[in-house]
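User: Hi! I have a structure open on my screen and would like a close look at one part of it, with the surroundings filled in afterwards. Could you walk me through it?

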Amino acid sequence: MFQKGKIQRGFPSFSSTISSAMGSGMDFFNWLDYDVLMKILLCLDDPADLVRVSSVSRTWRHFVVTNGLSRQLCVRMFPTLHRLDHVVEPSRCVKDIAEVGCSRYVEDENLGVEHRAFAFLARSCKTFPLRDCIGEAICASSTDNYPDESVRNTLEPHERVGRRPSYWSSKGQTTSSVPETLVYKLSSDVCVVSEINIKPFEAYFQWGSPIYSSKSVRFRFGHPNVPLDGTMSEPCDGFSAEKFTWTYTTAEFPMAQENQLQNFKLPEPVLCIGGMLMIELLGRVQKQTMDGMFYICICHVQVVGRPLSPAFGVEILEPSGHFTLKALSYDPTLPEQPSPTAYLQGRIRDLEQILNLLRDQGVVVEEYDWNGDEEVDDEFEEDFAL
């Protein structure tokens, strides 16, 4: 019989059996059946451990690759990957069956692509630098004083720009239960979001300095159903549910009626496929004295996460809503290049701040009509005539 803390003499322990097998040059993978090996390897939750396993030998790597263990690990980490259709490496040309005459070769090549992509994805989600990953403000469900109280103001971290307050305001409502939504485009189509910070606005210019927060907040992640035309123009006022598909929704978080950047940390990081975020502001708490209406006003929104571009990209497959994951680079040191749209958005906000400062100083700023008719000098016209 076995005694507590002791192994019956004459029966070698499992570890000693494995050690002796490895010492004699035998691979202990050959000692275990498929189900046992899968149970052992599926217990690994660190991407680095799975990479180490696949680096031990050709046998171990073949087992990891052919059973899609890297993909299974990523799906456990991020449920949004259930909508994945397939993975491609645009820089790598995989030959089809007609070229090589062997379906097994093509299958092995595709499994290798998946393994490399998911192994690097799992690693990137933990090692790429954390940063604010909001790209653009797209729309709000309503805006009280458009465009002065536009949702674009929530990208500005300060409550004032010059002498002007900077915030978004909803339209007033007679009941406190009417929700509002703010939609943003993230800086990357593939982004791991870990927390969202929101600062309600304190109306310091009103008696009592009321704070127009919501009762609670909820977040949705997804992708656009149609191209976002004109994203460089002023964000639109109004929300159309048909324009977006939301693939992940969080629970509700209570919001305090406080004028500070409130942190809403997600229980687990969310892999946003498609780069769209909707903030649902649920319930109103503050009436405006002058009209007796309920409002929600937000000063600043910040999204903290890991943008995964330019290493990864996606292509949404309509109408199914599934997607293709594009592995564009496996270089962990590849610096992220800001998109032209995000760069121009930042420059536009800088110019708006400069104009507001000039107006506050009493400087008359004339707006140039780029679309107006202009008189062109005849000589200039002749010089450049076709």
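In what order do the three strands of the open sheet come, and what kind of pairing do they have?

Analyst: Happy to. Please keep in mind that this is a predicted model.

The three strands of your open sheet come in the order S1-S19-S18, and their pairing is mixed. Two of these strands form the edges: strand S1 (84-88) and strand S18 (312-317), each of which pairs on one side only. From one strand to the next, the twist averages 20°. As a reminder, the strands of a sheet pair through backbone hydrogen bonds, in either the parallel or the antiparallel sense. Here, S1 and strand S19 (residues 322-327) are a parallel pair, joined over four bridges. If you want a place to start on the screen, pick Leu 84, which stands opposite Phe 323 in S19.

Now follow the chain between S18 and S19. The loop between these two strands holds Pro 319. The peptide bond that joins Glu 318 and Pro 319 is cis, with omega at about 5°. There is another cis peptide bond to look at, between Tyr 146 and Pro 147, where omega is also about 5°. Pro 147 sits in the loop between S3 and S4.

That loop brings us to another part of the chain. Glu 159, in the loop between strand S3 (134-140) and strand S4 (160-161), is linked with Lys 199 in strand S8 (residues 190-200), and the two are 40 residues apart. Their side chains meet in a salt bridge, with 3.1 Å from N to O. Are these two partners buried or exposed? Lys 199 is buried, because its relative accessible area is 17%, under the 20% cut-off. Glu 159 is buried as well, with a relative accessible area of 18%.

S3 also leads to strand S7. S3 and S7 run antiparallel and are joined by five bridges. Within this pairing, Ala 137 has Tyr 184 in S7 as its bridge partner. S7 is antiparallel to S14 too, with six bridges between them. Tyr 184 appears again here, standing opposite Leu 277 in S14. Strand S7 (residues 180-186) is largely enclosed by the rest of the structure, because six of its seven residues are buried. When you look along such a strand, it helps to remember that in a regular strand the side chains alternate between the two faces of the sheet.

S14 then takes us to a group of charged side chains. In general, side chains of opposite charge can pair when their charged atoms come close. Arg 220 forms a salt bridge with Glu 280, and the closest N and O atoms are 2.9 Å apart. This pair links distant parts of the chain, with Arg 220 in strand S9 and Glu 280 in strand S14 (residues 276-284), 60 residues apart. Arg 220 counts as partly exposed because its relative accessibility is 22%, whereas Glu 280 is buried at a relative accessible area of 10%. Salt bridges that share partners join Arg 218, Arg 220, Glu 252 and Glu 280 into one network.

Within this network, Arg 218 forms a salt bridge with Glu 252, with 3.6 Å between the closest N and O atoms. Arg 218 lies in strand S9 (residues 214-224), and Glu 252 in the loop between strand S11 (244-249) and strand S12 (253-254), 34 residues apart. With a relative accessibility of 46%, Glu 252 counts as partly exposed. Over the model, the count comes to 10 salt bridges.

While you are at S9, look at the loop between S8 and S9, where Ser 209 is found. Ser 209 has a positive phi of about 45°, although it is not a glycine. With 26% relative accessibility, Ser 209 counts as partly exposed.

Finally, here is a helix pair to add to the picture. Helix H3 (residues 47-54) and helix H4 (residues 58-66) pack with their axes 7 Å apart, at an angle of about 130°. This angle makes H3 oblique to H4. H3 contributes Leu 50, Val 53 and Ser 54 to the contact, and H4 contributes Trp 60, Arg 61 and Val 64. Sorted by character, the residues of this contact are four nonpolar, one polar and one charged.

Note on methods:
Residues are numbered from 1 along each chain as its sequence is written. This is a predicted model: local features need pLDDT of at least 70, side-chain atom pairs count only at pLDDT 80 or more; totals for chains, interfaces and linings use all residues. Side-chain values use heavy atoms; hydrogens and water are left out. Axes are lines fitted to C-alpha atoms, for helices over the stretch in contact, and angles run from 0 to 180 degrees between N-to-C directions. Angles under 35 degrees count as roughly parallel, over 145 as roughly antiparallel, 65 to 115 as roughly perpendicular and the rest as oblique. Contact means heavy atoms within 4.5 Å. Ala, Val, Leu, Ile, Met, Phe, Trp, Tyr, Cys and Pro count as nonpolar, Asp, Glu, Lys and Arg as charged, and the others, Gly among them, as polar. Two strands pair if DSSP finds at least two bridges between them. A salt bridge is a side-chain nitrogen of Lys or Arg within 4 Å of a carboxyl oxygen of Asp or Glu. Buried means under 20% relative accessible area, exposed over 50%, partly exposed in between (1.4 Å probe, protein chains only).
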